[in-house]
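Let's take a walk through this one, starting with the whole chain and then zooming in on a few residues. Have your viewer ready.

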Amino acid sequence: MRNSKSLIVIGGGAAGFFCAVNTARMNPDLRVMIVEKSDKVLSKVKISGGGRCNVTHACFELNQFFQYYPRGAQFLKKCFHWFNAKHTVEWFKERHVNLIAEPDGRMFSDTNTSQTIIDCLLGEAKRYEVNLLLKTNIIKILPVKNYFKLTAVNGKEMVADYVCITTGGFPKLLQWNWLANLGHTIVPPVPSLFTFNLSSHPIHELTGISIPAVAIKINGTKWKQTGPLLITHFGFSGPAILKLSAWGARYLAEKNYVFDLLINWIPEMNEQVLRNTLNGFRMNASRQMIGSKCYFSFPLRLWLYFLEQIHLSPQKKWADISNHQINQLVLKLQQDKYTIQGKTTFKDEFVTAGGIDLSEVDANTLASKKIPHLFFAGEVLDIDGITGGFNFQSAWTTAFMAAKAIAADSSASA
């Protein structure tokens, strides 16, 4: 028989399920319920990673892992000592889900489908008798002496001894009012992980071209990234762009997403090495037309685009290229400037920067410092990582620590 103590987890996503199933497992006497506003649970798990779910990242050095978080790194540095990527891999393995690392470090189930992760979490919920309440949108939490009264938008009321909020982020500040009413400070939300838009531009004709390694920078700032870049019909995408958008999220929001992007298409060479290489072509390929083939590791179409942009005829022979034109080529290849005008949410990987101020949350328990028995986990906190499994890992970590604290406290007070 379970005792009268209860936990309500608000939000049926990754963090919500992980908190609920681990709390119920660590304290079987506690009544645990997940309350979800929609008619589906684990929807982001299902669609993320192209339907494969990038569960975590194969980085097992704690001093490296927390560096992938533009916001919340120092907070997570403490948390990762207790539950990190290694623990995540072990947790799922114990439940017969094997996570496999890809060359870039992303980790997926060996079945290559997110349904495996969903089935695992749903199975754990069933095993430990976690109740699910769908289509119930909580809009008010009222602390009353030693318990909480929760009110849904349809007027339904519930009570619980413990509450863990795992709703994820909300894009508009007004949507946070029900949490601000608890006395917690809300760091204003801005989008993170988005692609960059270009208004009408000749490079749009190269849609679909992917470059394995470029170096990009937000002009006039310290923010820069390296990695793959994809040219799209609206601008630029790819891992390098997404990472840069995360690090520069607040700055770019302030700029209303109008800024100059610098692209170094050949980052493996410094300026002098590139200049020497081009001069070498003038000597060793003097009779060849400059547009006859691409001399670098990107498609000929892109090389011809560069030539067109600096008004250099592809029929011209290398021997006839002037020093001024060599300088133009160097500038175009290593400091190619584009004025970005807007953003686009990256598929289903939308992440919000902002949320519950971390100074008001205990990093060892994920408990509110303002209200006893109130906990937070996942993206509702002012924590967000770059793409690659880091946002799911922060969800697993914070949810597990909240579960451990709730289970311990409820067991002690039973």
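What follows goes from the overall layout to some backbone oddities and then to a spot on the surface.

Keep in mind that this is a predicted model. The chain packs in 13 helices and 20 strands, and its C-alpha trace spans about 90 × 40 × 35 Å along the principal axes. Of the 414 residues, 53% are buried. If you look at contacts between residues at least 6 apart in sequence, 73% of them join residues at least 24 apart.

On the outside, the chain exposes about 18600 Å², with carbon and sulfur atoms supplying 52% of that. As for charge, there are 44 positive and 31 negative side chains, and the centres of the two sets sit 3 Å apart.

Now for the backbone. Most residues other than glycine have a negative phi. Leu-42, though, is not a glycine and still has a positive phi of about 55°. You'll find Leu-42 in the loop that runs between strand S2 (31-35) and helix H2 (43-51). With a relative accessible area of 1%, Leu-42 is buried.

Tyr-257 is another non-glycine with a positive phi, this time about 65°. Tyr-257 sits in the loop between helix H9 (249-254) and strand S16 (258-264). Its relative accessibility is 10%, so Tyr-257 counts as buried, the cut-off being under 20%.

Finally, back to the surface. Leu-122, Leu-132 and Leu-134 make a nonpolar patch of about 210 Å². Leu-132 belongs to strand S6 (residues 131-133), and at 39% relative accessible area Leu-132 is partly exposed. A patch member needs over 30%, so Leu-132 clears that bar with its 39%.

Note on methods. Residues are numbered from 1 along each chain as its sequence is written. This is a predicted model: local features need pLDDT of at least 70, side-chain atom pairs count only at pLDDT 80 or more; totals for chains, interfaces and linings use all residues. Side-chain values use heavy atoms; hydrogens and water are left out. Patches are made of residues with over 30% relative accessible area and no salt bridge: like charges are joined within 9 Å, nonpolar side chains (Val, Leu, Ile, Met, Phe, Trp, Tyr) within 5 Å. Accessible areas come from the Shrake-Rupley method with a 1.4 Å probe; for residues, only the protein chains shown count as cover. A salt bridge is a side-chain nitrogen of Lys or Arg within 4 Å of a carboxyl oxygen of Asp or Glu. Helices (H or I, at least four residues) and strands (E, at least two) are DSSP runs, numbered from the N terminus. Buried means under 20% relative accessible area, exposed over 50%, partly exposed in between (1.4 Å probe, protein chains only). Contact means heavy atoms within 4.5 Å. Lys and Arg count as positive and Asp and Glu as negative; His and the chain ends are not counted. The place of a charge is taken as NZ of Lys, CZ of Arg, CG of Asp or CD of Glu.
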